[in-house]
Amino acid sequence: MRMSLAIGCGVLAMLPVAAQAQSYQCTVPATLPRPHPDVASASQPQRVRPITGYTLALTWAPEYCHKNFRDPSAKFQCQSGNRFGFTLHGLWPDGVGKEWPQYCTSTALLPAALIKEHLCSTPSPQLLQHEWAKHGTCMGTTPDAYFSKSTGLYAKLRYPDMDALSRKPLNAGQLAEAIAAANPGVPANAVRVTVNSMGWLDELWLCLDKRFSYTRCETGSGGIADNATVKIWRGKR
């Protein structure tokens, strides 16, 4: 199944294979479920810390939907005729080690219009609320500016032919190199690859400095080893 990402909702992009993003079809309904508040907790406490850089996290939607197809919260992404490749999980401010900032201030629910504007990038109202509450509130900005920055970075990315990559032996280092080759300015060492317990591609974590330029990821900051095998779920054919 070839997926080409549109730079907008409900459109198929016609891009060279070496520079194409993943295909998707996204239609936003007139009404959406409202998110519920997302707040700090004992397991996810408030941490106000200096920001040392950022992570742009991308989720491989075919694998996500393979696992969560029947989850009501995944209906828009996985059961509504929409099709995604890489989706935007979020833009995360980093700190030192595991002491990253999170839930820096309390926040109201996001406006419905803002959710609709960004739903084709991050296809879950609740995830949008979570990303703003946990991460965006630590960046000293507004929800509009936070999501404009994250979706702006996301929209500029291009991806290799994931269908072709899925059909041959692949390790994390080779996937990072393929992502870098499709994106001048993104070095391979700025890409971390995560997989699930069965070795299937879960997410890409891209490292940025405090000026939002892609930079080498810190050692021990997550992801699997470069020589670790990665399998890519393509979805039903």
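# Exercises on a predicted model

Leu 58 is found in strand S1. The model is a predicted one, in which local features need pLDDT of at least 70 and side-chain atom pairs count only at pLDDT 80 or more, while totals for chains, interfaces and linings use all residues. Residues are numbered from 1 along each chain as its sequence is written, and side-chain values use heavy atoms, with hydrogens and water left out. Helices (H or I, at least four residues) and strands (E, at least two) are DSSP runs, numbered from the N terminus.

## Exercise 1. Leu 58 and its strand

Task: determine whether Leu 58 is buried or exposed, and find what Leu 58 touches.

Solution.

Step 1. Apply the cut-offs: buried means under 20% relative accessible area, exposed over 50%, and partly exposed in between (1.4 Å probe, protein chains only). Leu 58 has a relative accessible area of 0%, so Leu 58 is buried.

Step 2. List the contacts, where contact means heavy atoms within 4.5 Å. Not counting residues up to four places away in sequence, Leu 58 touches Phe 86, Thr 87, Leu 88, His 89, Tyr 154, Leu 157, Tyr 159, Asp 202, Glu 203, Leu 204 and Leu 206.

Step 3. Take one partner. Leu 206 is 148 residues from Leu 58 in sequence, yet their C-alpha atoms are 8.2 Å apart in space.

Step 4. Extend to the strand. S1 covers residues 53-60, and eight of its eight residues are buried. In a regular strand the side chains alternate between the two faces of the sheet. On one side of S1 the buried residues are Gly 53, Thr 55, Ala 57 and Thr 59; on the other they are Tyr 54, Leu 56, Leu 58 and Trp 60.

## Exercise 2. The sheet

Task: work out in which order the four strands form the sheet, and which are the edge strands.

Solution.

Step 1. Two strands pair if DSSP finds at least two bridges between them. S1 is joined to S2 (residues 86-94) by eight bridges, and the two run antiparallel. In this pair, Thr 55 has Trp 92 as its bridge partner.

Step 2. S1 also pairs with S4 (residues 201-208), over six bridges and again in the antiparallel sense. Here Tyr 54 stands opposite Leu 208, and Ala 57 stands opposite Trp 205.

Step 3. Assemble the order. The open sheet reads S2-S1-S4-S3, with antiparallel pairing. S2 and S3 (191-195) are the edge strands, each pairing on one side only. From one strand to the next the twist averages 20°.

Step 4. Add the helix. H5 packs on the sheet and touches S1, S2 and S4; its direction makes about 125° with that of S2.

## Exercise 3. Helices H4 and H5

Task: state at what angle H4 and H5 pack, and which residues meet.

Solution.

Step 1. Axes are lines fitted to C-alpha atoms, for helices over the stretch in contact, and angles run from 0 to 180 degrees between N-to-C directions. H4 (residues 125-134) and H5 (residues 143-156) pack at about 105°, with axes 11 Å apart.

Step 2. Classify the angle: under 35 degrees counts as roughly parallel, over 145 as roughly antiparallel, 65 to 115 as roughly perpendicular and the rest as oblique. H4 is therefore roughly perpendicular to H5.

Step 3. Name the residues. Leu 128, Glu 131 and Trp 132 of H4 meet Pro 143, Tyr 146 and Phe 147 of H5. Five of the contact residues are nonpolar, none is polar and one is charged. In this count Ala, Val, Leu, Ile, Met, Phe, Trp, Tyr, Cys and Pro are nonpolar, Asp, Glu, Lys and Arg charged, and the others, Gly among them, polar.

Step 4. Check how covered H4 is. Seven of its 10 residues are buried, and the buried residues pack against S2, H3 (112-118) and H5.

## Exercise 4. Two loop residues

Task: describe where Ser 124 and Tyr 103 are found.

Solution.

Step 1. Ser 124 is in the loop between H3 and H4. Ser 124 is buried, with a relative accessible area of 15%. A polar atom of its side chain lies 3.0 Å from the backbone nitrogen of Leu 127.

Step 2. Tyr 103 is in the loop between S2 and H3, and is buried, with a relative accessible area of 7%.

Step 3. Most residues other than glycine have a negative phi. Tyr 103, although not a glycine, has a positive phi of about 45°.

Notes. A polar contact is a pair of N or O atoms within 3.5 Å; within protein, one must be able to donate a hydrogen and the other to accept it, and residues adjacent in sequence count only if both atoms are side-chain atoms.
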